[in-house]
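User: Please take a close look at the largest pocket of this model. I would like to know what lines it and how the elements around it are arranged.

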Amino acid sequence: MWSPASLNPNSPNFPSNSPIGPLFSPSLIPSSVSSALPENYTIRPLQRSDYKAGMLDVLRVLTTVGEISEKAWDERYDWIARRGDEYYILVICDGEKKVVGTGAVIIERKFIHNLGLVAHIEDIAVLKDQQGKKLGLRIIQALDSIAEKVGCYKTILDCSETNEGFYAKCGYKRAGLEMAHYFDKK
């Protein structure tokens, strides 16, 4: 099982493809998902440098993002990275290393189920011109695999009714009703 200790930059296992390294160990992403991507596409953990690779543009397909400076991005990335084994955000990049899809799984620690772990899938997004290539399916498969590898007993997600069919094809079934209470930010 992967541990946050593997994020130690002094470790021989620390990836050296960026000064900061990826958000989590790439070994958590199954090779079966990587090999099922279109030619020249890659799937990998989020990196600090993805601000410049179009990550926020991909998230804008999903919802309002706001105007986020690179400094604010770096601060949030660093905050998430310090949580080590809670946030697993991955990206799919095209052959030009541009982020074209993303998704996250956040791990919740419970008192129930023998101190079990529950994975929450969030922020699944694929650029409009990249849809239809099964990138969303590959993101879900990778996140499910990560959740299982880190010891979760289930993975849950919320979606709109219009997206229910997609998630059913990914192996999910309706298991309840989402409720929300939004707060005004002034």
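Analyst: What follows describes the pocket first and then the sheet and helix that contribute to its lining. The model is a predicted one, and its largest pocket holds about 1400 Å³ of space. The lining is made up of 48 residues, and those nearest the centre of the pocket are Leu59, Leu62, Glu122, Asp123 and Ile124. By residue class, the lining of this pocket comprises 30 nonpolar, 10 polar and 8 charged residues.

Several elements take part, each with at least two lining residues: helix 2 (55–60), helix 3 (70–82), helix 5 (135–149) and helix 6 (164–169), together with strand 2 (87–93), strand 3 (99–109) and strand 4 (117–126). These three strands belong to an open sheet of 5 strands, which has the order 1-2-3-4-5 and mixed pairing. At the edges of the sheet are strand 1 (42–45) and strand 5, each of which pairs on one side only, and neighbouring strands are turned against each other by 25° on average, direction ignored. Strand 2, one of the contributors to the lining, is joined to strand 1 in the antiparallel sense over 4 bridges, and Pro45 stands opposite Leu90 of strand 2.

Helix 5, which also supplies lining residues, lies across strand 1, strand 2, strand 3, strand 4 and strand 5, and runs at about 160° to strand 4.

For context, the second largest pocket has a volume of about 630 Å³, and helix 6 supplies at least two residues to its lining, as does strand 5 (152–157).

Terms used:
Residues numbered from 1 in each chain as written. Predicted model: local features only at pLDDT ≥ 70, side-chain atom pairs only at ≥ 80, totals over all residues. Heavy atoms only, no water. 1 Å grid on protein atoms, 1.4 Å probe; cavity = no way out; pocket = protein on both sides within 12 Å on 5 of 7 lines; lining within 4 Å. Points joined across faces, edges and corners; volume = space filled by probe spheres on them. Nonpolar A, V, L, I, M, F, W, Y, C, P; charged D, E, K, R; others polar. Pairing = 2+ DSSP bridges. Axes fitted to C-alpha atoms, helices over the stretch in contact; angles between N-to-C directions. Contact = heavy atoms within 4.5 Å.
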